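Visitor: I am new to this structure and would like a close look at one part. Could you walk me slowly around the largest pocket and what surrounds it?

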Amino acid sequence: MLKEFKNFIMTGNVIDFAVAVIMAGALGAVINGFVSKIAMPLIGLVTGGASFSDQFWTPGDVEYKTVEAAKEAGVAAVEYGAWIDTIISLIVVGFVMFLIVKAYNKTKKPVEAAPAGPSEIDLLTEIRDSLKK
């Protein structure tokens, strides 16, 4: 029983799924690095030189230079820049995954249709002919 279970677990689909999960995690880390280290600074240059990940809002009239300074003062800081980073990362990950799935689907062989059996009329004709004999 244990041997059968082991063979079931180690089938190709389970291994393919495990590889896909590991690759998706690695791909997510690479894309997050790309978005936060390359794309967002470039977008920040276009929009005025500030990095989006450093953007935040605090209630009240007091301005803080960093999120850490606001948190040390006990003020709630809404880090909308980090949220924008995450949204852009999600869009990039979704686009890359779309391209990967699209390329994978092109490599798959088309599913061959099952051969068509005899029609109902052919079957009835065959039955009639066999009853005549």
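Guide: Here is a short tour, starting with the whole chain and then turning to the pocket and its surroundings. This is a predicted model, in which local features need pLDDT of at least 70 and side-chain atom pairs count only at pLDDT 80 or more, while totals for chains, interfaces and linings use all residues. Residues are numbered from 1 along each chain as its sequence is written, and side-chain values use heavy atoms, with hydrogens and water left out.

The chain has 5 helices and 0 strands, where helices (H or I, at least four residues) and strands (E, at least two) are DSSP runs numbered from the N terminus. Of the 133 residues, 11% are buried, meaning under 20% relative accessible area with a 1.4 Å probe, protein chains only.

Now to the pocket itself. A pocket here is an open set of points on a 1 Å grid over the protein atoms alone, where a 1.4 Å probe fits, with protein on both sides within 12 Å along at least five of seven lines; lining residues have an atom within 4 Å of a point. The largest pocket holds about 250 Å³ of space, a volume being the space filled by probe spheres set on the points, which are joined across faces, edges and corners. Its lining consists of A20, M23, A24, L27, M97, I100, V101, Y104 and N105. Helix 2 (12–46) and helix 4 (80–107) are the elements that give two or more residues to this lining, and helix 4 gives the most, with 5 residues. By class, the lining has 8 nonpolar residues, 1 polar and no charged ones; Ala, Val, Leu, Ile, Met, Phe, Trp, Tyr, Cys and Pro count as nonpolar, Asp, Glu, Lys and Arg as charged, and the others, Gly among them, as polar.

Let us follow helix 4 a little further. Its 28 residues should span 40 Å at 1.5 Å a residue, and its end C-alpha atoms are 41 Å apart, which agrees; the expected span is 1.5 Å times one less than the number of residues. In helix 4, G81, D85 and S89 are buried.

A last stop is T58, in the loop between helix 2 and helix 3 (67–72). T58 is buried, with a relative accessible area of 10%. Leaving aside neighbours within four places in sequence, T58 is in contact (heavy atoms within 4.5 Å) with Y64, A70, V75, A76 and A77. From T58 to A77 is 19 residues in sequence and 4.8 Å in space, C-alpha to C-alpha.

Conventions:
Buried < 20%, exposed > 50% of the residue type's maximum accessible area, 1.4 Å probe, protein only.
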